[in-house]
Amino acid sequence: MVGAVPINGDTLIWVAYAAPLLVVLLLYFVKKRKREDRSRNVLENSVKSGLTEPPSLHPVIDPSICVGSGSCTRACPEKTLGIINGKAHLVNPTVCIGHGACAASCPLGAIKLVFGTARRGLDIPYVTPNFETNVPGIYIAGELGGMGLIRKAAEQGRQAIESIAQNRATGDDLDVVIVGAGPAGLSATLGAMDKKLRFVTIEQEDSLGGTVYHYPRNKIVMTQPVTLPLAGKIKVGEISKESLLELWQGIIRRFHIPISYGQRMEKIEPAEGGFVVKTHKSEFRARNILLSIGRRGTPRKLGVPGEEHPKVIYRLIDPEQYRGRKVLVVGGGDSAIEAAVSIADQPGSEVTLSYRGEAFGRVKEKNRERLAEAEQSGQLAVRLSSTVLRIDEGYAEIAQGEETHLLENDYVIVCAGGVLPTPMLKEIGIQVETKYGTE
Ligand SMILES: Cc1cc2nc3c(=O)[nH]c(=O)nc-3n(C[C@H](O)[C@H](O)[C@H](O)COP(=O)(O)OP(=O)(O)OC[C@H]3O[C@@H](n4cnc5c(N)ncnc54)[C@H](O)[C@@H]3O)c2cc1C
């Protein structure tokens, strides 16, 4: 007999030891393969939907250092990163919010955080270490300056006010106008109270919180303890959006903090000894201005008659609020589709989605599918190549091709993107540097 291998005791011992090891290895490789397949799918979808550019601060991975340990993918709650060919990749770039948990978790230091990409530059205003811009008296704190985190925005707001307190006004002028009541503006406002400055805080929205106010309902906010002027150390880690806003509201009530809501800064003009800040309602003279306006901009308006009607809103917070209502959603991006579909899911609601384009372009595949399903089930009507002409109490008039239609509605939700503050900064003379994937 040729080729027969005698099985002796030693061989059996080897098999007994090797078999479990082989099973473990097999399971490891199957799991790894599945993980890589998932990452490839996510990346493919992002590319197919044209969603390849991160909005702000984001990680870049050095492939010569990365060993694909996966610590970064586990650290990222937004699931921005995946592993492909044994290396970390930015597979879902548009959901990145730049908190840098990935970079902190990498044991080899293979990740750095940068602004912009080679294809899409990001404008970052020039600020000195005390948060003053190149225009003396105008300061910037928070995300507008490029720092995309709640704790850091709040810290910068506090420090910026400390610098401003060294440069108080004379005469009747205010010491400072604080623009924006997100984490940076809130902290700055508390600092201004603490330092007994003469100040006004203006906020274009009807409530404080900035970007946090617009997070999806029940979103878990990941932050770290922060020291707020007057209030002291706030020990928060993971907290729901609602609880965080409640906490801030409580501080505002406790210290009787005045914030002027529904007031949008439109222009800054130089004046003797300082500036005049013009809003759409009034104007303020001040020695200094602190811009804590974030990077999300002011919602883009349609510019049609009747838009000032209170039924017109620019961001969807809670779809349940529209149960049983007729709603017109205007826009053609992910946020418009997400708003339309989530309202259409509410019992008794009737939704029309109006978009001026001929087709939905750069939107997530999943949203495209959800929209098609909602349309097919009759929950939602889509009107492409349509524009809103005017809005009135119980209806809106839209033009579609040669025809015009009166659509009955209780609410109009406009999701037409935001007007970013860069042109306004440049107009005031603030130097802005466009970063193409640099720190
Ligand atoms: C979906 C999402 C999830 C996030 N999750 C986290 C997280 O878990 N943890 C974390 O630390 N960070 C998170 N971030 C980032 C964080 O929200 C921001 O970094 C932070 O809110 C920035 O604070 P800010 O005060 O600089 O600006 P913002 O919060 O953007 O506030 C700016 C304020 O200025 C107002 N404003 C703008 N223009 C004007 C004007 N012309 N006149 C008057 N008011 C004006 C705006 O209405 C707004 O209220 C997330 C961001 C997003 C988009």
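In which sense, left-handed or right-handed, do H7 and H8 cross? Before the answer, two notes help with reading the model. Residue numbers start from 1 along each chain, following the sequence as written. The model is predicted, with local features requiring pLDDT of at least 70 and side-chain atom pairs counted only at pLDDT 80 or more, while totals for chains, interfaces and linings use all residues.

Helices and strands here are DSSP runs numbered from the N terminus (helices H or I, at least four residues; strands E, at least two). Helix H7 (residues 334-344) and helix H8 (residues 365-376) have axes that come within 10 Å and cross at roughly 40°. H7 is therefore oblique to H8 (under 35 degrees is roughly parallel, over 145 roughly antiparallel, 65 to 115 roughly perpendicular, and the rest oblique). Axes are lines fitted to C-alpha atoms, for helices over the stretch in contact, with angles from 0 to 180 degrees between N-to-C directions. The crossing of H7 and H8 is left-handed, meaning that the near helix is turned anticlockwise from the far one by less than a right angle; clockwise would be right-handed. H7 contributes Asp334, Ile337, Glu338, Val341 and Ala344 to the contact, and H8 contributes Asn367, Arg370, Leu371 and Ala374 (C-beta atoms, placed from the backbone, within 7 Å).

H4 and H5 offer a second packed pair, at an angle of about 35° and with axes 7 Å apart. Their crossing is right-handed.

Both of these helices also appear around the ligand. Of the 34 residues there, Gly142, Gly180, Gly182, Gly210 and Gly294 come nearest (a residue is near if its C-beta atom, placed from the backbone, lies within 6 Å). Helix H4 (150-164), helix H5 (183-194) and strand E9 (220-222) each give two or more residues to this shell.

On a broader view, the chain is divided into domain 1 (9-114), domain 2 (123-297 + 421-435) and domain 3 (312-417), with bounds from an automatic or database domain assignment. The centres of domain 2 and domain 3, taken over C-alpha atoms, are 33 Å apart.

Note on methods:
Contact = placed C-beta atoms within 7 Å.
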